[in-house]
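Q: Before any details are discussed, a reading guide would be welcome. How should one approach the features of a model such as this?

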Amino acid sequence: MPKKRTRKKPLPETPVKVTIESLAHDGRGVAHVEGKVIFIDEALPGEEVEFIYTDIRKDYAEGKVVNLLSRSEDRVDAQCAHYGLCGGCSFQHVEATAQIRIKQELLVDQFKRIGKVDVPELLPPLIGPHWGYRRKARMGVKYVAKKNRVLVGFRERRHPYLAEIDSCVVMHPIVGSQLTALGDMISELTIRDKIPQIEVAIGEDQCVLSFRVLEPPTDADQELMRAFGHQHNMSLCLQSKGPDTIVPLDGEPEIIPSYALPDLGIEFKFRPAMFTQVNYEINRQMITRVIDLLALNADDNVLDLFCGLGNFTLPMAKFAGTVVGIEGDQPLVNHAKENALHNNINNAEFYAADLSKDISDHPWAQRKYNKILLDPSRAGASDVLHYFKKWQPDLVVYVSCNPSTLARDTGIMVNELGYQLIKAGVMDMFPQTGHVESMAVFKRTK
Ligand SMILES: C[S@@+](CC[C@H](N)C(=O)[O-])C[C@H]1O[C@@H](n2cnc3c(N)ncnc32)[C@H](O)[C@@H]1O
């Protein structure tokens with residue numbers, strides 16, 4: 001939640017005219033007024049705009065466009081009626097190919113500025129569906145007593161309040177088109193003000209909605225929820241505490257969501273609250289690219305760091321001699337093992353470890369690996385990188401959801417560990433949003 005602060009002076013109300021100079025890493029337009037940098041929502045480089053201030057701080061200010069005086073060629077009209085209000089998207093005003101070009105420019109810039117490294121070769125971007133791609137989400141739920149209405153969706157842009165939206169064009173339509181119906185059903189429940197969030201997990205053929213409930217629903221509530229689930233082809237579950245307390249409604253079967261990699265004959269099963277990649281089409285392309293870039297063969301001993309439920313480990317095991325997957329979350333490790341069994345893959349091993357801590361005592365960490373894949377969360381992987389001196393992989397592929405930590409870690413790989421960055425590129429995992437998914441390939445030179 002943004003820090004509350006008391007503003008001494010009211011914000012100036014008169015619009016100010018500027019030309020946008022560049023884009024900030026979150027996609028906002030950057031301009032200067034009297035030497036101070038201004039971050040302006042939905043403004044594109046080259047555009048002349050009139051903006052009003054939405055915040056003024058000591059070192060920077062923020063604003064929003066009130067009058068677009070010239071239009072960038074990259075600008076399109078947003079598809080969603082809630083764009084600008086809902087905090088889920090920040091790139092809908094940018095044409096699809098320009099979005100990915102901008103993300104690529106941002107990646108190259110972060111490598112240069114943070115990692116002090118140039119990208120010798122750009123991988124072609126991986127492109128998938130621009131809409132309706134998102135299959136995992138945590139949606140907020142809020143009963144608004146004054147309106148006797150339940151809101152379901154995402155927070156407002158830079159505000160802690162839930163946005164009043166009736167649909168989401170980025171979510172898979174099985175859920176994205178039913179937000180009003182979902183809110184209407186919840187407003188009929190006796191526990192309508194005791195449901196803070198819904199965990200959405202949409203598998204290939206299954207849709208599981210796990211309702212976090214602060215009080216148990218009554219029998220009548222359960223009946224309403226069951227009927228809604230049957231009508232909309234969704235499996236509704238209840239979550240009384242942590243993620244391991246998710247259970248189906250009384251009398252309903254447990255539905256295990258799954259996704260498949262048909263070309264490799266692999267199927268992953270997962271629990272609703274577990275991490276899975278949100279965009280299946282890009283995930284499939286990303287796995288194929290990782291296998292290609294690592295040029296896997298039967299002599300390879302591969303280490304897959306931050307392996308989750310084995311999303312890369314099991315596909316890599318189809319080509320490599322052995323693959324060892326390491327993951328911090330024990331339930332994910334257990335699930336990865338089950339997925340290996342389920343797919344008859346017996347050259348993949350999985351171990352739990354916190355990769356931000358000292359791992360030198362783990363037997364798996366004392367082995368050698370000639371190829372490494374790593375796919376950390378936003379914090380990056382700096383703590384585990386110095387083990388590369390021991391493991392000495394010849395080839396490393398780094399998948400990242402945060403270009404700034406990728407760039408920082410690339411600086412360590414190149415400037416401290418004797419690796420060369422050979423290629424990097426972006427993937428359109430999160431169209432319409434400012435999130436940048438990318439990949440970098442490193443070769444050992446020493
Ligand atoms: C971006 S996800 C990637 C998961 C997997 N590679 C996939 O494609 O589904 C990052 C994973 O890193 C794990 N993780 C985060 N911090 C960790 C840590 N300190 N040690 C080990 N694993 C960690 C998370 O639990 C998560 O599964």
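A: Domain bounds here come from an automatic or database domain assignment. The model is a predicted one. The assignment divides the protein chain into domain 1 (1-75), domain 2 (100-129 + 279-444) and domain 3 (136-258).

Q: What distance separates the centres of domain 2 and domain 3?
A: Taken over C-alpha atoms, the two centres are 33 Å apart.

Q: Which residues of the largest nonpolar core touch the most other members?
A: In soluble globular proteins, nonpolar side chains tend to be buried together. In this case the largest nonpolar core has 118 residues, and Leu 209, Leu 305, Leu 373, Val 397 and Tyr 398 touch the most other members. Helix α5 (residues 280-294) gives the most to this core, namely six residues. Beyond its neighbours within four places in sequence, Val 397 is in contact with Val 290, Leu 293, Leu 294, Leu 373, Met 439 and Val 441.

Q: How should the sign of phi be read at Glu 34 and Asn 344?
A: Most residues other than glycine have a negative phi. Glu 34, although not a glycine, has a positive phi of about 50 degrees, and Asn 344 has one of about 55 degrees. Glu 34 lies in the loop between β3 (29-33) and β4 (36-41); Asn 344 lies in the loop between α7 (330-342) and β17 (348-352).

Q: Is Glu 34 buried or exposed?
A: A residue is exposed if 12 or fewer other C-beta atoms lie within 10 Å of its own. Glu 34 is exposed because it has 6 other C-beta atoms within 10 Å. Asn 344 also counts as exposed, with 8 C-beta neighbours inside 10 Å.

Definitions and conventions. Residues numbered from 1 in each chain as written. Predicted model: local features only at pLDDT ≥ 70, side-chain atom pairs only at ≥ 80, totals over all residues. Core = buried A, V, L, I, M, F, W, Y, C linked by C-beta atoms within 7 Å. Buried ≥ 20, exposed ≤ 12 C-beta atoms within 10 Å, placed from the backbone. Helix = DSSP H or I, 4+ residues; strand = E, 2+ residues; numbered from the N terminus. Contact = placed C-beta atoms within 7 Å.
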